[in-house]
Amino acid sequence: MNVLTDFISRLLRAPIEGCACGRVHRPATGRVEMGPGLVDSMADLLPSDLSRHASLLVLAAPETEAAAGRRVIDRLRAAGYVIAEVILPPHPHADDMTVASVRDTAAAAGASIPDAVVAVGAGTISDIGKALAFDWQRP
């Protein structure tokens, strides 16, 4: 584990106190992985209780699909997962309309409620993936 990954892992375990609502919160993200070779070991990074024949929704933007998304999809398919892919338009916004559009596109691609959501990218792509995973109560 490198220094940055170790630091982020500690942050993810730390409670968030001092909220105006009076409650103590915990980050919903359980793990962050960074480093070379992660695309090639993507199937091993998914939750261990997820069947190798599970349905996955893979989200990417055109840029992230070209950089890594296609390889992620190929590796996950080769590992036995059933993939529905949604390639968002360039520069998407993480808003309710985009999330609803992705949900509709996923349903049309055969993943009305997949077993898990994989977002290939950062920022907006991850935010959309997290919103869908939360709505569907999926990893």
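Let's start with a pair of helices in this predicted model. Helix α4, residues 96-108, packs against α5 at an angle of about 70°, and their axes lie 10 Å apart. Angles from 65 to 115 degrees count as roughly perpendicular, and α4 and α5 are therefore roughly perpendicular to each other. As for handedness, the crossing of α4 and α5 is right-handed.

Now over to the sheet. What is the order of its strands? Reading across, you get β2-β1-β3, so to speak a row of 3 strands in an open sheet with parallel pairing. The edges belong to β2 (82-87) and β3 (116-120); each has a single partner strand, so one side of each is left without a neighbour in the sheet. From one strand to the next, the twist averages 20°.

Zoom in on the pairing between β1 and β3. Strand β1 covers residues 55-60 and pairs with β3 in the parallel sense over 5 bridges. If you want a spot to click on, try Leu-59, which stands opposite Ala-119 in β3.

Ala-119 also takes us to the next stop, the largest pocket, since Ala-119 is one of the residues that lie nearest the pocket's centre. The others named there are Thr-29, Arg-31, Val-117 and Val-118. How much space lies in this pocket? About 1,200 Å³, with 30 residues lining it.

Which elements give two or more residues to that lining? They are α2 (42-45), α3 (62-78), β3 and α5 (124-136). That brings back two elements we've already met: β3, an edge strand of the sheet, and α5, the helix that packs with α4.

Finally, a look at the chemistry of the lining. Its residues divide into 20 nonpolar, 6 polar and 4 charged. Arg-31, which we named above, is among the residues nearest the centre of the pocket.

Technical notes:
Residues numbered from 1 in each chain as written. Predicted model: local features only at pLDDT ≥ 70, side-chain atom pairs only at ≥ 80, totals over all residues. Heavy atoms only, no water. Pairing = 2+ DSSP bridges. Helix = DSSP H or I, 4+ residues; strand = E, 2+ residues; numbered from the N terminus. Axes fitted to C-alpha atoms, helices over the stretch in contact; angles between N-to-C directions. 1 Å grid on protein atoms, 1.4 Å probe; cavity = no way out; pocket = protein on both sides within 12 Å on 5 of 7 lines; lining within 4 Å. Points joined across faces, edges and corners; volume = space filled by probe spheres on them. Nonpolar A, V, L, I, M, F, W, Y, C, P; charged D, E, K, R; others polar. Parallel < 35°, antiparallel > 145°, perpendicular 65-115°, else oblique. Left-handed = near helix turned anticlockwise from the far one by under 90°.
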